[in-house]
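Please find below my notes on the model, set out point by point. They keep to what can be read from the coordinates.

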Amino acid sequence: TSRNVHLLRDFRPNEANAIDYRREEGHYLLPHCDDRQLSGKILCNLCICGDAVMTYTEDSRKRRSAGDSLATFEVRLPRRALQIQSGRVRYNFQHGIKKTGLLSSRRVSITFRHNAYNGYNI
């Protein structure tokens with residue numbers, strides 16, 4: 001959408017991480033929230049090979065009150081999809097891929113971020 005293009009206009013990644021998932025080897029991505037201080041405001045994940053379902057679960061430390069249930073969303077990421085995490089999703093939700101979320105025998109993705117650590121600034 002045009003909103004996402006606007007977000008990326010000033011995005012200057014200085015770090016890229018590739019991950020190769022193999023379903024037959026039992027690979028998965030543990031639920032996590034990328035470091036909130038070092039990883040910058042935007043994360044972009046390019047799905048190069050293989051479809052997957054990413055599960056977003058509201059971080060229990062960010063919920064409004066102790067009695068509230070945690071919001072969970074499952075997002076299908078087809079091959080060649082570009083996923084952009086920013087704002088509330090970036091900071092208030094953990095993301096992961098369950099073993100059953102690998103829909104292809106192999107998934108390869110690259111995550112782009114701006115690492116704020118001084119040694120990474122270029």
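The points below go from the overall fold to the two sheets, then to one glutamine and the cysteines.

1. Status and content. The model is predicted, and local features are taken from residues with pLDDT of at least 70. The protein chain holds 2 helices and 8 strands. Along the sequence their pattern is α-β-β-β-β-β-β-α-β-β.

2. Burial and surface. The protein chain has 122 residues, of which 34% count as buried. Its accessible surface is about 7700 Å², and carbon and sulfur atoms supply 52% of that area.

3. Contact range. How much of the contact set joins residues 24 or more positions apart? Among contacts in the protein chain with a separation of 6 or more, such pairs account for 84%.

4. First sheet. Four strands form an open sheet in the order β1-β8-β3-β6, and their pairing is antiparallel. Its edges are β1 (15-22) and β6 (82-85), each of which pairs on one side only. From one strand to the next the twist averages 20 degrees.

5. Pairings of β8. Strand β8 (residues 106-113) pairs with β1 over 8 bridges in the antiparallel sense. Two opposed positions can be checked in the viewer: Arg22 stands opposite Arg106 in β8, and Ala18 stands opposite Ile110 in β8. Strand β8 also pairs with strand β3 (residues 43-49), again in the antiparallel sense, over 6 bridges. Here Cys47 stands opposite Ser109 in β8. As general background, strands of a sheet pair through backbone hydrogen bonds, either parallel or antiparallel.

6. Second sheet. Another open sheet of 4 strands has the order β2-β7-β4-β5, with antiparallel pairing. The strands at its edges are β2 (29-32) and β5 (72-77), and each pairs on one side only. The twist averages 20 degrees from one strand to the next.

7. The β2 edge. Which strand does β2 pair with, and over how many bridges? Strand β7 (residues 93-97) is joined to β2 by 2 bridges, and the two run antiparallel. Leu29 stands opposite Ile97 in β7.

8. Gln85. Is Gln85 buried or exposed? Gln85 lies in strand β6, an edge strand of the first sheet. With a relative accessible area of 4%, Gln85 is under the 20% cut-off and therefore counts as buried. Its side chain makes a polar contact with the side chain of Tyr56, at 3.4 Å. Leaving out residues up to four places away in sequence, Gln85 touches Lys41, Ile42, Leu43, Met54, Tyr56, Arg90 and His95. Tyr56 thus appears both as a polar partner and in the list of residues touched.

9. Cysteines. How many disulfides does a search of the whole structure find? The search finds 0. Cys33 has a relative accessibility of 15%, which is under 20%, so Cys33 counts as buried. Cys49, at 27%, falls between the 20% and 50% limits and therefore counts as partly exposed. A third cysteine to view alongside these is Cys47, the residue opposite Ser109 in β8.

Notes. Residues are numbered from 1 along each chain as its sequence is written. This is a predicted model: local features need pLDDT of at least 70, side-chain atom pairs count only at pLDDT 80 or more; totals for chains, interfaces and linings use all residues. Side-chain values use heavy atoms; hydrogens and water are left out. Buried means under 20% relative accessible area, exposed over 50%, partly exposed in between (1.4 Å probe, protein chains only). Contact means heavy atoms within 4.5 Å. Accessible areas come from the Shrake-Rupley method with a 1.4 Å probe; for residues, only the protein chains shown count as cover. Two strands pair if DSSP finds at least two bridges between them. Axes are lines fitted to C-alpha atoms, for helices over the stretch in contact, and angles run from 0 to 180 degrees between N-to-C directions. A polar contact is a pair of N or O atoms within 3.5 Å; within protein, one must be able to donate a hydrogen and the other to accept it, and residues adjacent in sequence count only if both atoms are side-chain atoms. A disulfide is a pair of cysteine sulfur atoms within 2.5 Å.
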